[in-house]
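Welcome to this guided tour. Please open the structure in your viewer and keep the selection tool at hand.

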Amino acid sequence: MPRPALSCPGCGSSNIVDDALYAQAQLVCVDCGSVVSEGALVDDPVGGSAVSYSWSTAVDKKPCANLIKGLQRVKALCRSLRVHGEIENLSQTNYRQAYQHESFIKVSLQKKEVLAGCCVLVSCRLLNWPITMGTISCLLDADPMVVGAVYQEMVKILNITAPIVNVTDVMEAHSQEYKICSPQVPEEFAANSKDLTKRAVALVELAADSWIITGRRPVPIMMAAIYLAWQSLQPTKHRLKFSLDKFCQIAKVNKHKAALKRITEIKEVLCKLGREIPWVREAVTPDNVVRQVEDILQHRYALLRRALRTHEEALLEECQASCEDSPTDDTAPSEISEPVAQTKNSSSAEQCEPNAERAKRSGDGDADPCTALELHGDTQESQVPATNWGKRMLFAPPCVIHPKKRRMEQPELKDVTGDEEISDSEIDSYIRTPQEARDFALVQKMLSASESEKS
Amino acid sequence: MDESALERYFDDSIANESSFMLGEELGLQDPAPPRQDASHLSAKAGPRGEQGEELDLSFLPDELSTQDDTAAAAESQTAADTSHDSGICPDYNSQDSTAAELQQGASTSGMGTSASPFCPMTPMTPMTPVTERSGIIPQLQNIVSTVNLCCPLDLKFIALQARNAEYNPKVLTMSQCQCQSVVNVTLENMSLFIMVFQRFAAVIMRIREPRTTALIFSSGKMVCTGAKSEEQSRLAARKYARVVQKLGFPARFMDFKIQNMVASCDVFFPIRLEGLVLTHQQFSSYEPELFPGLIYRMVKPRIVLLIFVSGKVVLTGAKERAEIYEAFENIYPILRGFRKHVIT
């Protein structure tokens with residue numbers, strides 16, 4: 001059809017029609033055949049059409065690139081930990097869910113990577129794959145505290161209750177890290193990994209019973225257990241003199257400072273048991289206890305019983321000495337053969353009768369007769385001496401045996417009603433005199449002036 | 001004796017311990033050796049692996065109900081008592097929970113054998129003991145309160161005129177969210193939840209008696225921390241208001257409210273935190289890699305408890321003293337159940 005208001009540049013004719021040739025619209029002059037203007041292709045707005053690509057093609061919203069990268073990171077972590085497929089799937093699901101949540105959608109990429117690690121961690125825990133937070137932090141190369149904070153936030157958001165990790169379970173996986181087998185180190189230092197793990201696990205179980213593990217970080221304990229196990233597998237002079245530092249160097253692991261303290265604690269426990277070995281003549285000290293470790297672990301239950309018996313006998317002797325002085329209300333004597341807790345209300349006389357069979361009672365039982373004694377003996381005392389209950393047990397958490405020194409509390413106001421009169425003089429003591437205020441202002445000005453000079 | 005028998009033996013001893021306490025409370029004279037206690041034992045702990053006896057509650061006397069009433073009355077009285085905290089009560093009344101747990105024992109007879117035969121599988125709230133009184137009273141360590149002075153304040157002027165004030169408007173201070181990942185926390189530090197802004201826009205004022213610290217904001221609102229009792233907190237807040245008054249502002253003392261109370265105490269026996277988190281999973285959170293204590297969020301009353309292996313317990317989040325006492329009385333029987341003996 002002819003198009004008005006257009007003239008052909010070639011012949012000047014105004015007879016121009018739309019012609020869709022090859023589906024491209026053209027304005028063609030009928031008279032001379034020249035093309036006045038091409039169609040859409042030429043006249044497209046510069047920089048693309050007015051309608052954007054995503055609007056016109058109506059493609060589904062793709063997951064953002066970071067989410068995809070994150071999921072791949074989760075996968076990579078699972079592969080490097082060699083966990084099975086279920087854990088991988090669960091972690092990816094968790095990651096996707098957590099990622100979309102408002103607390104995590106806008107955080108830094110570094111934090112998102114930590115989130116990936118935390119998802120793997122929680123999935124492992126839910127599906128009973130033992131792994132510590134320390135391992136994840138190492139893999140991510142992130143600060144364990146940051147990992148911890150992200151983990152707790154994530155668990156709260158996803159509303160998961162994950163079971164805690166048992167140190168004994170993690171032990172095996174952890175001991176794989178130590179490169180202490182034959183080809184890797186010289187023969188005199190080598191140890192069979194199965195034996196090493198077995199012995200370390202036994203040491204960890206012993207530590208768990210004697211309150212060394214509860215409340216503490218697992219990795220230093222495991223390091224201490226492996227070190228002692230390694231020493232005791234072949235207690236040569238050379239090995240015994242080998243420090244933890246050097247051991248970590250040849251095993252190619254990073255040393256934890258806390259492991260030294262754990263070694264001391266475990267050695268103390270071993271000494272307590274080692275003293276009960278009947279065929280050992282010399283005194284058992286932390287220096288030479290490592291030689292006895294094999295025997296101690298093999299017979300540990302029998303040794304525990306003996307140690308408890310000895311301990312209880314020692315305590316009863318002590319009680320006997322002090323119980324003669326304290327008054328007794330209940331005179332009904334009941335033997336120690338009774339369940340120990342009953343002695344809470346019983347007189348002190350009973351405790352002085354040792355009964356060897358009942359010595360199998362735990363160390364806890366030892367605390368009872370003497371605390372009951374204290375409570376009955378001195379009803380005026382407001383509190384049982386705090387540290388003593390730990391020292392009286394055979395095994396107690398180390399924080400109880402060696403309590404931190406606390407700053408002494410100042411004597412507090414008693415019987416404050418809250419509505420008392422407040423003396424003017426007291427309040428005035430908190431207010432500067434005018435002269436003082438002027439001086440203070442002056443000094444402040446001088447200080448700020450000198451600071452601005454420096455900077 | 002082999003290991004499994006040894007285990008059973010020790011678990012028996014835990015049960016025996018309780019059965020004897022119950023025996024005394026009910027006035028039963030039964031100082032018999034463990035063999036005879038088997039009937040008590042089976043009634044309380046339900047069928048164990050090898051014993052498999054029937055649940056036999058016939059020995060329960062009727063007096064149990066009357067004991068409840070007197071015990072409950074005594075408990076409410078103790079809770080309402082606002083006298084100062086002392087340590088252990090003179091009439092140290094031993095435990096406690098067994099009577100209550102026996103009543104519910106029938107429903108929990110299927111419980112596992114190891115850690116605690118008395119804790120139910122999935123409690124919605126921790127069981128409250130019938131016979132109360134652990135004999136331990138938590139001591140208040142810190143009270144946080146707020147008050148409105150109802151007048152705008154010139155903080156620079158206050159900082160200039162008052163001796164005990166500091167004001168650093170350009171200082172960035174550690175915010176509360178950073179505090180959450182602090183691991184080595186002492187009992188005293190736990191109580192210092194300071195409300196801060198990124199730029200510290202308040203005057204910090206301190207008085208000696210009662211030893212407290214106040215944050216005074218330019219809007220006239222004030223936060224007072226560090227007092228050891230509600231009355232001391234109120235007295236301290238009034239003293240701060242007086243100081244502000246003396247400096248020339250028309251300060252009043254409106255809407256004094258206690259926002260948080262922190263208390264601590266010691267149960268004097270070690271606690272197996274791993275066991276506690278297993279049976280009370282929905283309330284507890286225990287991450288030894290992050291924090292050495294177990295965080296127990298009690299539902300009723302709404303208190304957060306930090307439980308440590310040494311037996312020390314910190315209670316926080318209370319608005320009233322009674323909540324703290326109630327929370328501790330709720331947790332004590334649970335902790336007693338985890339008073340694990342040394343040998344497994």
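Before the first stop, one term: two strands count as paired if DSSP finds at least two bridges between them. Bear in mind, too, that everything on screen is a predicted model.

**Stop 1: a hairpin in chain A.** Select residues 24-29 of chain A, which form strand β2. This strand is mostly covered, with 5 of its 6 residues buried. Now add residues 35-37, strand β3 of chain A; β2(A) and β3(A) pair in the antiparallel sense over 2 bridges. Which residue of β3(A) is the bridge partner of A:V28? Click on A:V35 to find that partner. The two strands form a hairpin with 5 residues between them, and in the turn you can pick out A:G33, whose phi is positive, about 80°.

**Stop 2: two helices of chain A.** Next, select residues 109-126 (helix α6) and 133-140 (helix α7) of chain A. Their axes are 10 Å apart and the packing angle is about 150°. Angles over 145 degrees count as roughly antiparallel, and α6(A) and α7(A) are therefore roughly antiparallel to each other. The crossing of α6(A) past α7(A) is right-handed. To see the contact, show the side chains of A:E113, A:V114, A:G117, A:V120, A:L121 and A:R125 on α6(A), together with A:M133, A:I136 and A:L140 on α7(A).

**Stop 3: the sheet of chain B.** Move to chain B and look for an open sheet of 10 strands with antiparallel pairing. Walk across the strands in the order β2-β3-β4-β5-β1-β6-β10-β9-β8-β7. At the edges stand β2 (165-166) and β7 (284-285) of chain B, each with a single partner strand, so one side of each has no neighbour in the sheet. Within the sheet, select β1 (residues 139-148) and β6 (residues 254-266) of chain B, an antiparallel pair joined over 8 bridges. Here B:L140 stands opposite B:A263 of β6(B).

**Stop 4: helices on the sheet.** Add residues 230-246 of chain B, helix α8, which packs on the sheet and touches strands including β1, β4 and β5 of chain B. Then add helix α10, residues 321-337 of chain B; it runs at about 140° to β10(B).

**Stop 5: confidence.** Finally, colour chain B by pLDDT: its mean is 69, and 51% of its residues reach 70 or more. Among its elements, helix α4 (residues 97-103) has the lowest mean, 39, and strand β9 (residues 303-307) the highest, 96. Over residues 64-120 of chain B the pLDDT stays under 50. For the complex, the predictor gives an ipTM of 0.71 and a pTM of 0.66.

Key. Residues numbered from 1 in each chain as written. Chains lettered and ligands numbered in written order. Heavy atoms only, no water. Buried < 20%, exposed > 50% of the residue type's maximum accessible area, 1.4 Å probe, protein only. Helix = DSSP H or I, 4+ residues; strand = E, 2+ residues; numbered from the N terminus. pLDDT = per-residue confidence, 0-100. Contact = heavy atoms within 4.5 Å. Axes fitted to C-alpha atoms, helices over the stretch in contact; angles between N-to-C directions. Parallel < 35°, antiparallel > 145°, perpendicular 65-115°, else oblique. Left-handed = near helix turned anticlockwise from the far one by under 90°.
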